[in-house]
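Here is a friendly walk through a few spots worth looking at in this structure. Keep the viewer open and follow along from one residue or helix pair to the next.

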Amino acid sequence: MFQITTQSVPLPDGREITIETGKLARQADGAVVVRLGNTMLLATVVSAKDAKEGVDFLPLSVDYQEKFASAGRIPGSFQRREGRLSDHEILISRLVDRALRPIFPEDYHADTQVMITMISADSEVLPDQLAALAASAALAVSDIPFNGPISEVRVAKIDGAYHINPKTSDLSRASLDLIVGATAQDICMVEGEMNECSEEEIVEALRVAHDVIKQQCAAQKELEAKVGKTEKRQYSHETHDEELRAAVRAACYDKIYAVAQLQQTNKKARSEGFKAVRDEYMASLPEGTEVNEALVKTYFHDLVWEASRRLVLDERTRLDGRKLDEIRQITCEPDFLPMAHGSALFTRGETQSLTTATLGTKMDEQIVDMAMYQGYNKFLLHYNFPGFSTGEVKPNRGPGRREVGHGNLAHRALKKVMPPDADNPYTIRVVSDILESNGSSSMATVCAGTMALMDAGVKIKAPVAGIAMGLISDTEPGSNKYAVLSDILGDEDHLGDMDFKVTGTENGITACQMDMKVNGLSYEVLTEALQQARAGRLHILGEMKKAIAEVRSDLKPHAPRAHVIRIDQSQIGAVIGPGGKVVQEIQKESGTTVVIEERDNAGYVSIFATNKEGMDKAIARVKGIVAVPEIGEEYVGKVKTIMPFGAFVEFLPNKDGLLHISEIKWERLETMDGVLEVGEEVRVKLVDIDKKTGKYRLSRKVLLPKPENKN
């Protein structure tokens with residue numbers, strides 16, 4: 001008989017998170033249901049008993065999925081069922097993965113799968129803030145080796161105060177929105193966006209979040225004890241040869257350090273230098289000597305890691321010769337592509353992004369269909385990372401999780417400076433193609449994206465730049481030696497203890513992402529890293545401004561012009577016409593695209609055209625339809641019918657007025673014969689509107705010179 005065990009965790013606002021195990025998914029190694037309000041997540045974890053032969057890493061997969069039934073909806077896809085993970089689900093999977101992965105034992109290599117499923121959705125409780133807690137709790141109630149627990153919370157600054165896991169309806173007022181992951185001791189993952197916040201605000205937000213995470217970690221330890229899973233399974237996934245390790249160190253370390261001291265700026269040359277040392281060692285072995293080449297590679301890699309770090313810590317210099325806070329050479333080239341609506345080439349060291357900005361109409365908006373949200377997205381950012389950017393052969397199979405994550409970070413960074421919808425009729429797509437990569441291509445995307453938008457004439461609030469920060473700390477017991485690195489190389493990302501990406505304007509931070517690979521990052525070091533990042537960000541912004549100082553005053557000649565006309569809500573039908581007849585005629589005659597939408601109790605007619613003549617024609621047609629006849633206004637009308645007593649003139653679309661025979665000329669007319677013709681254009685003035693019938697009375701003679709003998 002399975003026993004159901006529950007554990008509760010309070011939140012600062014009085015709400016309570018419950019964790020339950022023993023009822024669902026009982027054949028998994030660990031399974032829990034985490035609930036806050038009516039949002040419920042089922043998290044399961046299964047790990048193979050042994051590692052596969054030759055595997056020297058942790059094959060961990062983390063998948064988060066939302067069931068549409070949890071929100072009482074049927075999927076809008078053709079199959080009407082959940083399919084591959086959406087970008088939204090991939091991003092939440094990454095949030096959990098990045099916090100969990102570093103916490104597993106380094107020598108644990110068994111296939112491990114974590115699955116988190118939203119089985120009930122509460123519109124006021126976002127599931128992403130509970131996903132990592134659920135995954136960690138599932139590991140806690142299993143026998144899988146894990147150096148946790150960990151948890152994640154959302155911290156938002158709303159109306160000047162910090163809130164943990166706020167209600168969805170309150171989040172729209174947030175000036176800062178972060179997901180923070182941590183153990184009871186240390187923060188290990190941060191991701192979020194903000195409205196040009198200060199470095200001090202971010203540090204304070206992390207403090208608030210960590211205090212709550214400590215309680216959630218303690219609750220998981222209590223749950224672990226309740227279910228009797230404090231002892232984890234035994235494993236042996238690595239075999240080592242300490243004699244071989246010592247031999248490789250004795251023969252190679254000094255030579256590796258010498259290569260690192262060359263301070264080569266070329267990544268490939270540096271890599272070939274290290275490889276030459278390893279090849280020399282292998283060639284120096286006596287003929288017939290048998291060694292485990294895989295272990296030699298492992299021990300050699302460890303020495304490269306150690307030597308590169310010692311170079312930074314002991315000599316305060318880096319692999320490419322830069323100072324700790326020095327930024328690589330930057331080249332900015334806006335307006336790089338002649339036919340794109342906006343473009344920029346941004347090169348920083350050996351990292352290069354070619355980015356475009358394309359202006360589209362409302363019909364280009366992305367349709368969003370998720371379990372908890374349906375709507376449209378009019379600002380898109382896509383990031384592509386082909387194999388040739390790192391000199392590798394890699395099949396093009398569409399964006400992977402890394403590409404989705406990097407693109408999302410850049411999207412968050414730029415989203416905060418985009419013009420409001422009321423001032424921006426366009427759907428905007430930014431695409432970053434990474435042509436070369438050696439460190440922080442996502443931050444290059446932010447810089448190139450800013451310049452492409454400015455080149456396209458998009459009225460962003462302020463330019464945004466991004467920088468990736470690193471940290472190398474001494475692992476020797478009792479040592480407090482560390483180095484904060486600005487604008488890290490790809491090698492420094494791999495060798496370092498922290499990858500902290502920060503984007504922002506001159507006024508403040510708009511987005512950030514941090515992953516810690518070691519324990520013990522103090523708030524003092526974090527503050528230093530943020531201040532150093534600010535100096536680097538301002539330097540990069542300065543280089544960008546040299547290339548393009550302001551948003552272009554006009555769009556490219558081939559970019560679609562947009563004009564928005566606000567009309568009365570009651571006039572929307574007249575512009576559309578029966579079955580869309582009128583708006584289709586306008587588009588056909590003018591060669592424009594006309595989009596009509598209703599919002600804020602009004603109608604908005606957006607007209608998109610690539611030439612002025614078509615734009616003017618469409619504007620005139622729309623304004624004519626919605627114009628309200630005013631007594632005293634002059635119009636150019638068209639004669640529709642001629643009667644013995646005068647003519648009916650269409651002076652506005654679908655609005656006819658009587659031009660009486662006595663109002664055609666100052667001279668008296670006995671008959672209408674030969675005076676006007678059907679289809680003839682005539683300039684008239686609206687002189688009266690009958691209050692009872694609403695009929696319009698026109699005059700032509702009042703616009704003609706009055707004869708002197710006429711009183």
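The side chains of T445 and S432 are joined by a polar contact of 2.8 Å, in what is a predicted model. T445 sits in helix 9, which covers residues 441–455. Is T445 buried or exposed? With a relative accessible area of 0%, T445 is buried, because the cut-off for that class is under 20%. Setting aside residues up to four places away in sequence, T445 touches S353, L381, Y383, A410, S432 and I434. S432 therefore appears both as the polar partner of T445 and in its list of touching residues.

One of those neighbours, A410, leads to the next topic, the packing of two helices. Helix 8 (residues 401–415) and helix 9 have axes 9 Å apart and pack at an angle of about 45°. The two helices are therefore oblique to each other. Their crossing is right-handed. On the side of helix 8, the contact is made by R402, H406, L409, A410, A413 and L414. Helix 9 contributes S441, S442, M443, T445, V446, G449, T450 and L453. How do the residues of this contact divide by character? Seven are nonpolar, six are polar and one is charged.

A second helix pair can be viewed in a similar way. Helix 4 (residues 199–226) and helix 11 (residues 523–547) have axes that come within 10 Å and cross at roughly 150°. That crossing angle makes helix 4 roughly antiparallel to helix 11. The crossing of helix 4 and helix 11 is right-handed. From helix 4, the contact draws on E199, E200, I202, V203, L206, R207 and H210. From helix 11 come Y523, L526, T527, L530, Q531, R534 and R537. The residues of this contact comprise six nonpolar, three polar and five charged.

Next, some backbone details. Most residues other than glycine have a negative phi, and most peptide bonds are trans. Where does a cis peptide bond occur? A cis bond joins G148 and P149, with omega at about 5°. P149 lies in the loop between helix 2 (128–140) and strand 7 (150–158). Helix 2 also holds S136, and P149 is among the contacts of S136 beyond four places in sequence, together with F146, I150 and Q220. S136 is buried, at a relative accessible area of 0%.

Two residues that are not glycine have a positive phi, and the table sets them side by side.

| Residue | Phi | Loop location | Relative accessibility |
|---|---|---|---|
| Q263 | about 55° | between helix 5 (242–261) and helix 6 (267–284) | 31%, partly exposed |
| N601 | about 60° | between strand 23 (593–599) and strand 24 (602–609) | 66%, exposed |

Why does N601 count as exposed? Its relative accessibility is 66%, and the exposed class begins over 50%. Q263, at 31%, counts as partly exposed because that class spans the values between buried and exposed.

Two further residues let you compare separation along the chain with separation in space. E589 is placed in helix 13 (residues 581–590). E589 is partly exposed, with a relative accessible area of 46%. How far apart are E589 and E528 in space? Their C-alpha atoms are 62 Å apart, while the two residues are 61 residues apart in sequence. Leaving aside neighbours within four places in sequence, E589 is in contact with K617 and R621.

The other residue, M643, belongs to strand 25 (residues 634–643). M643 is partly exposed, at a relative accessible area of 33%. M643 and D673 are 30 residues apart in sequence, and the distance between their C-alpha atoms is 9.7 Å. Not counting residues up to four places away in sequence, M643 touches F648 and M672.

To return to the starting point, select T445 once more: this buried residue takes part in the contact between helix 8 and helix 9, and its side chain makes a polar contact of 2.8 Å with that of S432.

Technical notes: Residues are numbered from 1 along each chain as its sequence is written. This is a predicted model: local features need pLDDT of at least 70, side-chain atom pairs count only at pLDDT 80 or more; totals for chains, interfaces and linings use all residues. Side-chain values use heavy atoms; hydrogens and water are left out. Helices (H or I, at least four residues) and strands (E, at least two) are DSSP runs, numbered from the N terminus. Buried means under 20% relative accessible area, exposed over 50%, partly exposed in between (1.4 Å probe, protein chains only). A polar contact is a pair of N or O atoms within 3.5 Å; within protein, one must be able to donate a hydrogen and the other to accept it, and residues adjacent in sequence count only if both atoms are side-chain atoms. Contact means heavy atoms within 4.5 Å. Axes are lines fitted to C-alpha atoms, for helices over the stretch in contact, and angles run from 0 to 180 degrees between N-to-C directions. Angles under 35 degrees count as roughly parallel, over 145 as roughly antiparallel, 65 to 115 as roughly perpendicular and the rest as oblique. A crossing is left-handed if the near helix is turned anticlockwise from the far one by less than a right angle, and right-handed if clockwise. Ala, Val, Leu, Ile, Met, Phe, Trp, Tyr, Cys and Pro count as nonpolar, Asp, Glu, Lys and Arg as charged, and the others, Gly among them, as polar.
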